[in-house]
Amino acid sequence: MPNRREFLVGAAAAAAATSASQLLAAQNGPQLSNTNVGGNNQGIISELPENPPLASKLFPPEHKFGVGGTQLGNIFKVTPDEEAENMLEACWENGVRYFDTSPFYGMGLSERRLGHFLNGKPPQEYLLSSKIGRLLKADASVDSQGNWKGDLNFSYHFDYTAAGTRRSIEDSLQRLGVPKIDIVYIHDLTPGMLGKDWREYLETARKGAMPELSRMREEGIIGHWGMGVNNIETCLAAMESADPDVMLQATKYNLMDHEEVLNRLFPKCRENDVSVIVGAPLGAGFLAGVNRWLYSDGIPDGYWEKRDRIAQIAHQHGIDLRTAALQFTAAPDVVAATIPGARNAQQARENRASMNVRIPAEFWQQLKQEGLIAQDAPTPG
Ligand SMILES: NC(=O)c1ccc[n+]([C@@H]2O[C@H](COP(=O)([O-])OP(=O)(O)OC[C@H]3O[C@@H](n4cnc5c(N)ncnc54)[C@H](OP(=O)(O)O)[C@@H]3O)[C@@H](O)[C@H]2O)c1
């Protein structure tokens, strides 16, 4: 973990990045009309929001912010090597120390790139998470697969058994070139990924992956474990039948959609001393002005209007939509970090800078008055 001096250096860079982002936003122009997606934030505070030190048994990374690893795996389009390296370097320079990845992200590419970047950095200075659930197999015939672009060279099959879990972690350690993984998530154990038989996979994981992860935690090969999923049921099931530490909840806690997680998942996490990492806090780009909602083409009904209105209110309060979206996801007590993905160094700096903006309380009040966010949604400050 970085020391205080490193964070102050990072904060200065982030403030500079905010000015740069204002300029770039003006040059590039967000895709929203008469609204403000990035830049033009008025008050800058000095450091990344921190988790209270040992205030609870909740899984505690020092700062409530990290970076996702899907762009390192060529999601949606190829990220050139240099751009990937520069993105990671920009994160590090700006004090970001939590990195998430998965074997699935680009069929090993995200782990290979992240491992290359972390090589030589003391493991105690950063927090690293990866995932299990898929085993990769060399396959020269594979190029782009779904959202993953470029020459992938590997195919995969699902495996939530104990042996598959251990094998997957050993493979990840080799791709990453590290001796230990801080957090391992059981990835994509959902109806969306596995179809109607998903509960059979859940049963396999209950008997296989979950106890094996607890064993590997005791052995010290991993630090903590949990689920990395886009649904709530799987998280609830894991808390009922095992002893996870942390849930990576992706896609269901964001400015546009959060009530179910707020009402069903967070209380259970508090009850079980399990903390939450928020994935896809920008809706895979929508809340940063990209015309994409999550991982398919469809934008749900009413989302364009809602995004426009929130962005307009943000503009009136001197902040921007992306900043509001990121800080919103980090606000709940049970959330240990939000982990937006960044395609390049500029996005990484902008997102990091967003966490240092002071958002007026009136902004959140207005969102609640207009019914744009839940009345009981925690807000920053
Ligand atoms: N099941 C799971 O465990 C699961 C599922 C989903 C996500 N996750 C984790 O959560 C992380 C974050 O999710 P995500 O990356 O898919 O979605 P996200 O963080 O909501 O959005 C990332 C995308 O937003 C755009 N963006 C980010 N910063 C921007 C900026 N400053 N200006 C303009 N556009 C910006 C980029 O789009 P362009 O690339 O088009 O520029 C980027 O690819 C993932 O990387 C992964 O680590 C886990």
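**Exercise 1. The nonpolar core**

Identify which residues of the largest nonpolar core touch the most other members in this predicted model, and list the contacts of A324 beyond its neighbours within four places in sequence.

*Solution.* The model is predicted. Its largest nonpolar core holds 96 residues. Within this core, V184, M227 and A324 touch the most other members. Once neighbours within four places in sequence are set aside, A324 contacts L255, I310, A314, I319, I359 and F363. As a general background, nonpolar side chains in soluble globular proteins tend to be buried together.

**Exercise 2. The environment of strand β9**

Determine how the residues of β9 are oriented and which strands pair with β9.

*Solution.* Strand β9 spans residues 275-279, and 5 of its 5 residues are buried. S275, I277 and G279 point one way, whereas V276 and V278 point the other way. In a regular strand, side chains alternate between the two faces of the sheet. Next, consider the partners. β8 pairs with β9 in the parallel sense over 5 bridges, with V246 opposite S275. The connection from β8 to β9 runs through helix α9 (residues 259-271), and this β-α-β crossover is right-handed. β9 also pairs in the parallel sense with β10 (residues 335-339), over 4 bridges; here V276 stands opposite V335.

**Exercise 3. The ligand shell**

State which element supplies the largest share of the shell around the ligand, and describe the shell by class.

*Solution.* The ligand is surrounded by 34 residues, of which G68, G228, A250, G279 and G341 are the closest. β6 (181-187), β7 (222-229), β8 (246-250) and α12 (345-354) each supply at least two shell residues. The largest share, 3 residues, comes from α12. By class, the shell comprises 14 nonpolar, 15 polar and 5 charged residues.

Terms used:
Residues are numbered from 1 along each chain as its sequence is written. This is a predicted model: local features need pLDDT of at least 70, side-chain atom pairs count only at pLDDT 80 or more; totals for chains, interfaces and linings use all residues. A nonpolar core is a set of buried Ala, Val, Leu, Ile, Met, Phe, Trp, Tyr and Cys residues joined through C-beta atoms within 7 Å. A residue is buried if 20 or more other C-beta atoms lie within 10 Å of its own, exposed if 12 or fewer, and partly exposed in between; C-beta atoms are placed from the backbone. Two residues are in contact if their C-beta atoms, placed from the backbone, lie within 7 Å. A residue is near a molecule or strand if its C-beta atom, placed from the backbone, lies within 6 Å of it. Ala, Val, Leu, Ile, Met, Phe, Trp, Tyr, Cys and Pro count as nonpolar, Asp, Glu, Lys and Arg as charged, and the others, Gly among them, as polar. Two strands pair if DSSP finds at least two bridges between them. A crossover is right-handed if, with the strands pointing away from the viewer, the path from the first strand over the helix to the second runs clockwise.
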